[in-house]
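Colleague: I should like to request a close look at a single part of this model, followed by a connected account of its wider setting.

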Amino acid sequence: MLTRNCLSLLLWVLFDGGLLTPLQPQPQQTLATEPRENVIHLPGQRSHFQRVKRGWVWNQFFVLEEYMGSEPQYVGKLHSDLDKGEGTVKYTLSGDGAGTVFTIDETTGDIHAIRSLDREEKPFYTLRAQAVDIETRKPLEPESEFIIKVQDINDNEPKFLDGPYVATVPEMSPVGAYVLQVKATDADDPTYGNSARVVYSILQGQPYFSIDPKTGVIRTALPNMDREVKEQYQVLIQAKDMGGQLGGLAGTTIVNITLTDVNDNPPRFPKSIFHLKVPESSPIGSAIGRIRAVDPDFGQNAEIEYNIVPGDGGNLFDIVTDEDTQEGVIKLKKPLDFETKKAYTFKVEASNLHLDHRFHSAGPFKDTATVKISVLDVDEPPVFSKPLYTMEVYEDTPVGTIIGAVTAQDLDVGSSAVRYFIDWKSDGDSYFTIDGNEGTIATNELLDRESTAQYNFSIIASKVSNPLLTSKVNILINVLDVNEFPPEISVPYETAVCENAKPGQIIQIVSAADRDLSPAGQQFSFRLSPEAAIKPNFTVRDFRNNTAGIETRRNGYSRRQQELYFLPVIIEDSSYPVQSSTNTMTIRVCRCDSDGTILSCNVEAIFLPVGLSTGALIAILLCIVILLAIVVLYVALRRQKKKDSLMTSKEDIRDNVIHYDDEGGGEEDTQAFDIGALRNPKVIEENKIRRDIKPDSLCLPRQRPPVEDNTDIRGFIHQRLQENDVDPTAPPYDSLATYAYEGTGSVAESLSSIDSLTTEADQDYDYLTDWGPRFKVLADMFGEEESYNPDKVT
């Protein structure tokens, strides 16, 4: 370091009047003589070229890290060409660590490090130096920057930041199979020397694994490592810097490597024969035993499938795999009987579900074992000869009559006697009884098929030697019918026949019903009763299918002569004893059209005139009603006209001529329309605000000039139109404006009696006759009024 500083002083001497350019902090900056010229960039201004006379001489300084000397470590020297050695120049130092880490001799410019430095903490320091006049305190040179770089030493060992490591590799992997890559980090400077150059090696774990010294990749070193022999391996890895040379620092980490399983082992039964004992009373579907094949593999590679090899007794059993224990569970498919067969033998095969083709050459991945099952005798309940007993009995059978029997036997080796009794839960009414020893069933009450046609109950059989062993069977008893009810006609009991019916015409189809049995189980016959067969008006035709037709025997029937006919019909059934009944049908005579459609069956219709139909009567009544309506309307119109022409003189007809459509606001409505304006247009309206709106501000009232005499209607309407157009109080919507004008200059003057100076008695209306035919009605009306005036003397 001192040699380097001396070299800097030598260059200063050689280049008197010049200086070396301060070097920027580059990681690999080397000692070099800078050019005598530099490009200066002033802050806040555009850059331009300018020659500057340099007054500093120094290079990039280096300081050794972790310096442990007793004296401050010399770093370098600063000097200005303006310093003539007279003590007039003062050197100052500022920037990173100035005064705390680095000091400068103000007179000589020597720089020292006053404490030990750590490159890993801070690799370089940027400082600023300046030379000032001691007396004036003014800078002699521009302030410049320089760098003090901390030179690295090998003071940090490699570290595995991600350790310890966990890795897996399949068992039976070939040599060189990739396992894991480890990485160590060295905090020293990788650009300086070999302090950060790391080399990897295995301290523990050989000969199973190897590691690449440069990359840290761990690979398998032995072939056919078997998980079933050893599953876990712990490998100790070392990382050493200085390229592994002597004196380098080292760090270690542990890698835990697990061999994962592959299906390289077939299942094997631990023994070739399995013996099982099964009671004969085992229910179907129950598990009667377990066998297991051993597979040293793990997970799905150890999953086993069991199958029964077809053979003796194999069809009575089934085997499934317990997914939790990988055992073969043998289940019963059919019931066992010790008395029939006492032992069964069959083979079971165990095989892997997931095979690995790499190990097919090792042989079949399955094994076979023999299973022998011995059936154990069990004291069993009695067995009925039938699963269901069906019996029949006629209704009204005497109490105590035996209708059937049940049989149960004890099939065990030492057979026992059997006792029978009825399950009271299924036959709570006790219609039947059973003999406990013989098993015969008899009636206990009279049976009625119409009340209950079928009985269903259970009989229990138990062993005398062990009453707790019982069995049950269902009994179904059908009650047979005894013919005790006669058949009857099903609906309808009333039918109709047309007056114009022809002989041999079927007017009704009848059927029968029997409460004993349904019609499907009976055959019914139909015929007339003997008293009705003499000169019958109707007869019965039996169709031999449990139906019959009512047939007419006359050519036409008259309601006037006889409205109703009563036809007795005899119906017989085919059961024994034969039952019969007489059913009377009512036949009503009706009026029909030519197609046989019934028009009326009412009794009142008999008294209508012959040849006059109901439609004709309705038409006549409708005409009468229309004529009466016309007459009433005509009379009402005539009466109204006469009343209008006979009005008294007190009624002012002329006042009724004016019509206006104004509802008004009642007694308090002071803004109502002035009707006087319609009667006399010369009346000047009062100044009022329009009632259809409420203006925001009161506007001046419109001044309407009076209508001049003899002004024509067109001028008057034009004047009113202009007044409404300029009206400031007019609403912004359409409104009705009245342009009523009666006009002036009429030959007859005004016809209104309003404002008339003469009284009603002084009026003479004879001049109306001179106005022509258009006023004839008016002249007649006032002329008639005078004729009806009682005060006038003629």
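Which backbone nitrogen does the side chain of Ser416 reach at 3.5 Å? Please set out the surroundings of Ser416 in full, and then continue to other local features of the chain.

Modeller: The side chain of Ser416 reaches the backbone nitrogen of Val464 at that distance, 3.5 Å. The model is a predicted one, and every value below is computed from it. A second polar contact of the Ser416 side chain goes to the backbone nitrogen of Ser465, at 3.1 Å. Ser416 itself belongs to the loop that runs between strand E25 (408–409) and strand E26 (418–422). Its relative accessible area is 16%, and because the limit for a buried residue is under 20%, Ser416 is classed as buried. When neighbours within four places in sequence are set aside, Ser416 is in contact with Asp410, Lys463, Val464 and Ser465. Val464 and Ser465 thus appear in that contact list, and their backbone nitrogens are the partners in the two polar contacts.

A second loop residue, Thr325, may be set beside this one. Thr325 is placed in the loop between strand E18 (317–321) and strand E19 (327–332). With a relative accessible area of 31%, Thr325 is partly exposed, whereas Ser416 is buried. The polar contacts listed for Thr325 join side chain to side chain: one of 3.4 Å with Asp322, and one of 3.2 Å with Glu327. Beyond residues up to four places away in sequence, Thr325 touches Arg290 and Arg292. Arg292 is 33 residues from Thr325 along the chain, and the C-alpha atoms of the two are separated by 8.7 Å.

A residue within a strand offers a further view of contacts between separate parts of the sequence. Leu236 is part of strand E13, which covers residues 232–240. Its relative accessible area of 22% makes Leu236 partly exposed; the class of buried residues ends under 20%. Leaving aside neighbours within four places in sequence, Leu236 is in contact with Ser201, Ile202, Leu203 and Gln204, and also with Thr252, Thr253 and Ile254. Gly205 lies 31 residues from Leu236 in sequence, with 6.6 Å between the two C-alpha atoms.

The backbone shows some particular geometry in other loops. Gly163 and Pro164 are joined by a cis peptide bond, with omega at about -5°. Pro164 is located in the loop between strand E7 (144–151) and strand E8 (165–170). Another cis peptide bond links Gln206 to Pro207, and there omega is about 10°. The loop that holds Pro207 connects strand E10 (199–204) with strand E11 (209–211).

Positive phi values occur at two residues that are not glycine. Asp396 has phi near 65° and sits in the loop between strand E23 (388–394) and strand E24 (402–405). Arg544 has a positive phi of about 65°, and its loop lies between strand E35 (538–542) and strand E36 (547–552). As to accessibility, Asp396 is partly exposed at 44%, while Arg544, at 64%, counts as exposed. Arg544 is assigned to the exposed class because the limit for that class is over 50%, and its relative accessibility is 64%.

One helical region also deserves mention. Ile620, Leu621, Ile624 and Leu628 make up a nonpolar patch on the surface, and together they have about 390 Å² of accessible area. Leu621, one of the members of this patch, is found in helix H2, residues 614–645. Its relative accessibility is 55%, so Leu621 counts as exposed, the limit being over 50%.

The chain as a whole gives the setting for these details. There are five helices and 39 strands in the chain. Of its 794 residues, 34% count as buried, and Ser416 is one of the buried residues. The chain exposes about 49200 Å², of which carbon and sulfur atoms supply 54%. Among contacts between residues at least 6 apart in sequence, 66% join residues at least 24 apart.

How values were computed:
Residues are numbered from 1 along each chain as its sequence is written. This is a predicted model: local features need pLDDT of at least 70, side-chain atom pairs count only at pLDDT 80 or more; totals for chains, interfaces and linings use all residues. Side-chain values use heavy atoms; hydrogens and water are left out. Helices (H or I, at least four residues) and strands (E, at least two) are DSSP runs, numbered from the N terminus. Buried means under 20% relative accessible area, exposed over 50%, partly exposed in between (1.4 Å probe, protein chains only). A polar contact is a pair of N or O atoms within 3.5 Å; within protein, one must be able to donate a hydrogen and the other to accept it, and residues adjacent in sequence count only if both atoms are side-chain atoms. Contact means heavy atoms within 4.5 Å. Accessible areas come from the Shrake-Rupley method with a 1.4 Å probe; for residues, only the protein chains shown count as cover. Patches are made of residues with over 30% relative accessible area and no salt bridge: like charges are joined within 9 Å, nonpolar side chains (Val, Leu, Ile, Met, Phe, Trp, Tyr) within 5 Å. A salt bridge is a side-chain nitrogen of Lys or Arg within 4 Å of a carboxyl oxygen of Asp or Glu.
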